[in-house]
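Subject: Handing over the structure

Hi,

Here is the structure I promised to pass on to you. Please open it beside this email, and I will go through what turned up.

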Amino acid sequence: TAVTRGWLKIAAAAMASRCRLGARFHCVHGTNIRLDASRTQATRVESFANGLCFSQEPLAPGQVFLVEIEEKELGWCGHLRVGLTAHDPQSLQVVPEYSLPDLVNMGDSWVFAITRSHNRVAQDGDGSPQDSSWKEGVKKIPQDTLVGRSKPGRYSHILDELYKTNVLPATARRSRIGVLYAPQPDGTADMHILINGEDMGPSARGLPLTRPLYAVVDVFASTKSVRVIPVEYGFPSLQTLCRLVIQKHIVHRLAIDGLDLPQTLKNFCQRE
């Protein structure tokens, strides 16, 4: 509808300004979580629970909060959990031990477990009108950003075409999971989960558009560590352009390790 499109135009400016701040974790998190200095990597240091993390800022409509699974831990049952919450993390007296069921039972939180065969949680067909204009923003995101692939090896530059088509299972290391909310004509929002670039459809409906919504990432059980992947809409940032120049002038990706650059920049350049 015209109202929804107008809302998204207003939100686009907010999204551009927030996406950089939002592309890191909130300082409030579970007791077993350790964040790196940039607050883009979250690692569960012990046990299998108390691994809740939140986005630094509330998301704008259609804005994707994207993480990559960096490390797995054998011996636990269960995987990464993601979703949204209307609770400001700063207002939590105690961070819940689990997203499911603890955070969800507090109300105004919608969280789902990612499984090896994750599929749509709620199917369309109930007769309610759906608005798809939010998908235009997602289409502007380079597919290589959304799709996780196996770590490049020493000779991966020879196999680039194979590398590009090597899409991983949902719970595998280097898989990329995103969450967003899409405004609907009735004034509410649907929550969508993206797994390696594929929209899983609405996982929850009726989310309040009148309240800020934060991303929830539960580094649970066999998922040991995740990293936030910055998502750019429209024109690439100067940082991304610099990375493209560096990648263009090396023989293969592992050669970045030998460059006289800060380690943080090397890590950024080695990511797609």
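Let me begin with the aromatic residues: Phe48, Trp76, Tyr98 and Phe220 form one aromatic cluster. Please keep in mind throughout that this is a predicted model.

A search of the whole structure gives five aromatic pairs. In one of them, Phe48 and Trp76 have ring centres 4.9 Å apart and planes at 40 degrees, so this pair is tilted. Phe48 sits in the loop between strand S2 (41–44) and strand S3 (52–54), and Trp76 in the loop between strand S4 (65–72) and strand S5 (81–85). With these positions 28 residues apart, the pair links distant parts of the chain.

Are these two residues buried or exposed by the numbers? Phe48 has a relative accessibility of 28%, which lies between the 20% and 50% cut-offs, so Phe48 counts as partly exposed. Trp76 is also partly exposed, with a relative accessible area of 35%.

Phe48 has a further partner in Tyr98, and this aromatic pair is tilted as well, at 6.3 Å centre to centre and 35 degrees between the planes. Because Phe48 lies in the loop between S2 and S3 while Tyr98 lies in the loop between S5 and helix H2 (99–105), the pair ties together parts that are 50 residues apart in sequence. Phe220, another member of the cluster, has a charged neighbour: Arg81 lies over the face of the Phe220 ring, at 3.8 Å from the ring centre.

Now to the sheet. Seven strands make an open sheet in the order S1-S2-S11-S4-S7-S8-S9, and the pairing is antiparallel. Its edges are strand S1 (33–35) and strand S9 (198–208), each of which pairs on one side only. From one strand to the next, the twist averages 25 degrees. For a closer look at one pairing, take S4 and strand S11 (residues 223–228): the two run antiparallel and are joined by five bridges. Val67 has Val228 in S11 as its bridge partner.

A few backbone details may also interest you. Most residues other than glycine have a negative phi, and most peptide bonds are trans. Which residues depart from this here? Ser47 is one, with a positive phi of about 60 degrees although it is not a glycine. Ser47 is in the loop between S2 and S3, the loop that also holds Phe48. At 34% relative accessibility, Ser47 counts as partly exposed.

Ala221 is another non-glycine residue with a positive phi, near 55 degrees. Ala221 is in the loop between strand S10 (214–218) and S11. Unlike the partly exposed Ser47, Ala221 is buried, with a relative accessible area of 0%.

As for the peptide bonds, the one from Leu100 to Pro101 is cis, with omega near 10 degrees. Pro101 is placed in helix H2.

Last, the cysteines. How many disulfides does the structure hold? It holds zero. Cys27 counts as partly exposed at 46% relative accessibility, whereas Cys53 counts as buried at 0%.

If you would like a place to start, I suggest the aromatic cluster of Phe48, Trp76, Tyr98 and Phe220, and then Arg81 over the face of Phe220.

Best wishes

Key
Residues numbered from 1 in each chain as written. Predicted model: local features only at pLDDT ≥ 70, side-chain atom pairs only at ≥ 80, totals over all residues. Heavy atoms only, no water. Phe/Tyr/Trp six-rings, centres within 6.5 Å; stacked < 30°, edge-to-face > 60°. Helix = DSSP H or I, 4+ residues; strand = E, 2+ residues; numbered from the N terminus. Buried < 20%, exposed > 50% of the residue type's maximum accessible area, 1.4 Å probe, protein only. Lys NZ or Arg CZ within 6 Å of the ring centre and 35° of its normal. Pairing = 2+ DSSP bridges. Axes fitted to C-alpha atoms, helices over the stretch in contact; angles between N-to-C directions. Disulfide = S-S within 2.5 Å.
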